[in-house]
Amino acid sequence: MLLLLGAGVLATGSGLGALLEGCAQVAPVTITLALNPATIPAGVPVEVPFAMTNRSGASVPSSVWLLKAPDGSFTAYDPRCTHALCRYKWVAAETKFACNCHDGEFAIDGTVLAGPPPRPLNKFPLRDSGGVVTVDVPGDFIAPRESLGT
Ligand code: FES
């Protein structure tokens, strides 16, 4: 009986731990992008700069890569490489994103093409409401590291 009671306490404790862990996540910061979505061409990633204050109070100048689909919907890519948070760039001639820190490469859909990045590019949740485009940036966001050679 005592053993069962202990197991119940443990189960409740682990549930509480998971709940607290979920609460520990930093709330995102919603950024309104300074752009007219009608002027963004479809099929070509466009870097849109923004400045934000993260939840720690730090001022963070950064950007987001926007990709407009033929149907007019957008994907917003985190500007940081998933390997070590370096800034990457779009290489139009090769239709890929390239990160010069360690030669990581991503396809236009964010999947890894080459190099050490462990996963596809991260995406920011995006809303397009009547021509006003907002993205939800993680509240603990920090600016990308500058790549070598950029
Ligand atoms: S940080 Fe981009 S490949 Fe290492």
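1. Starting with the largest cavity: sorted by class, its lining has eight nonpolar, three polar and one charged residues. Keep in mind that this is a predicted model. The lining residues are Cys81, His83, Ala84, Leu85, Cys86, Cys99, Cys101, His102, Asp103, Gly104, Pro116 and Pro117. The charged one is Asp103, because Asp counts as charged. Gly104 goes with the polar group, since Gly is classed there.

2. How much space lies in that largest cavity? About 40 Å³. At a cut-off of 30 Å³ or more, the structure holds one cavity.

3. On to the overall fold. The chain has one helix and 11 strands, and along the sequence the helix comes up front, with the pattern reading α-β-β-β-β-β-β-β-β-β-β-β.

4. One sheet to look at is an open one made of three strands, in the order 1-11-10, with antiparallel pairing. Strand 1 (29-32) and strand 10 (126-129) sit at the edges, each pairing on one side only. From one strand to the next, the twist averages 25°. As background, strands of a sheet pair through backbone hydrogen bonds, parallel or antiparallel.

5. Zooming in on that sheet, strand 10 and strand 11 (residues 132-137) pair in the antiparallel sense over four bridges. Which residue in strand 11 stands opposite Leu126? That would be Val135.

6. Last, some chain-wide numbers. Of the 150 residues in the chain, 35% are buried. If you take contacts between residues at least 6 apart in sequence, 53% of them join residues at least 24 apart.

Terms used: Residues numbered from 1 in each chain as written. Predicted model: local features only at pLDDT ≥ 70, side-chain atom pairs only at ≥ 80, totals over all residues. Heavy atoms only, no water. 1 Å grid on protein atoms, 1.4 Å probe; cavity = no way out; pocket = protein on both sides within 12 Å on 5 of 7 lines; lining within 4 Å. Points joined across faces, edges and corners; volume = space filled by probe spheres on them. Pairing = 2+ DSSP bridges. Helix = DSSP H or I, 4+ residues; strand = E, 2+ residues; numbered from the N terminus. Axes fitted to C-alpha atoms, helices over the stretch in contact; angles between N-to-C directions. Buried < 20%, exposed > 50% of the residue type's maximum accessible area, 1.4 Å probe, protein only. Contact = heavy atoms within 4.5 Å.
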